[in-house]
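User: I would like to go through this model and ask what stands behind each label. Please set the values against the criteria.

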Amino acid sequence: MKKKINVLLINGPNLNLLGTREPNLYGYETLTDLIKKLIKKSEKLNISLSHTQSNAEHKLIETIHSAQKNNINYIIINPAAFTHTSIAIRDALIAVSIPFIEIHISNIYSRENFRSHSWFSDISQGVITGLGLEGYYWALKTISKRCSIKK
Ligand code: DQA
């Protein structure tokens, strides 16, 4: 049997409010429903998906640190508002040296100016922004493809 790809999905602050938070930007689906669907999709893609959401910067950093001992092959991260502020999370990702895809539900380039700067894009494998929740599926597909080619 083919070895599973271990993917860690990290969602940052306020994404626990998906479904009710600014639905015009983030949609009507809850985080719980999204994760359920992503896990189903992952199974088809030979991915073992784990997920963390936190509103606290230090928790996100600690989750990234533990990714190494948990044998995580790839990270998908929506740092939410920390995208625009957190050098600490950026440093954590550099420290563990695990490839990651940065994702945003909304198009950060079509909103307020302060959202156009990300502390993550230049060190990421790629950025998905503005594709809605679909973006998470594209991230999983990309990882599945890339990791299967490598093996
Ligand atoms: C977001 C965009 C960020 O600017 C914002 O602070 C978020 C969500 C997105 O998914 O579109 O909380 O990362």
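User: What makes Asn-78 a polar contact of the ligand?

Analyst: First, a caution: this is a predicted model. A polar contact needs a pair of N or O atoms within 3.5 Å. An N or O atom in the Asn-78 side chain is 2.8 Å from an oxygen atom of the ligand. So the Asn-78 pair meets the criterion.

User: How do you know that His-84 and His-104 make polar contacts with the ligand?

Analyst: The cut-off is again 3.5 Å. His-84 places a polar side-chain atom 2.7 Å from a ligand oxygen. For His-104, an N or O atom of the side chain is 2.9 Å from an oxygen atom of the ligand. Both values lie within the limit, so both count. As for cover, the ligand has 320 Å² of accessible area on its own, and the protein covers 98% of that.

User: Which residues surround the ligand, and how do they divide by class?

Analyst: The shell consists of Arg-21, Tyr-26, Asn-78, Ala-80, Ala-81, His-84, His-104, Ile-105, Ser-106, Ile-108, Arg-111 and Arg-115. Five are nonpolar, four polar and three charged. Arg counts as charged, so Arg-21, Arg-111 and Arg-115 fall in that class.

User: Why are β3 and β4 called paired?

Analyst: Pairing takes at least two bridges. Three bridges join β3 (residues 74-78) to β4 (residues 100-104), so the two strands pair. They run parallel. Ile-76 stands opposite Ile-101 in β4.

User: What is the strand order of the sheet, and why are β2 and β5 at its edges?

Analyst: The open sheet has five strands, ordered β2-β1-β3-β4-β5, with parallel pairing. β2 (47-53) and β5 (126-129) each have a single partner strand, so one side of each lacks a neighbour in the sheet. On average, neighbouring strands are turned by 20 degrees against each other, direction ignored.

User: Which strands does helix α2 touch?

Analyst: Helix α2 (residues 31-44) packs on the sheet and touches β1 (5-11) and β2. Its direction makes about 160 degrees with that of β2.

User: What makes the Thr-129 side chain a partner of two backbone atoms?

Analyst: Thr-129 sits in strand β5. A polar atom of its side chain lies 2.8 Å from the backbone oxygen of Ser-106. The Thr-129 side chain also reaches the backbone nitrogen of Ile-108 at 3.1 Å. Both distances are within 3.5 Å, so both qualify as polar contacts. Among the residues that Thr-129 touches are also His-104, Asn-107 and Tyr-109.

Conventions: Residues numbered from 1 in each chain as written. Predicted model: local features only at pLDDT ≥ 70, side-chain atom pairs only at ≥ 80, totals over all residues. Heavy atoms only, no water. Helix = DSSP H or I, 4+ residues; strand = E, 2+ residues; numbered from the N terminus. Axes fitted to C-alpha atoms, helices over the stretch in contact; angles between N-to-C directions. Contact = heavy atoms within 4.5 Å. Near = heavy atom within 4 Å. Polar contact = N/O pair within 3.5 Å; in protein donor to acceptor, adjacent residues only side chain to side chain. Areas by Shrake-Rupley, 256 points an atom, 1.4 Å probe, with all protein chains shown as cover.
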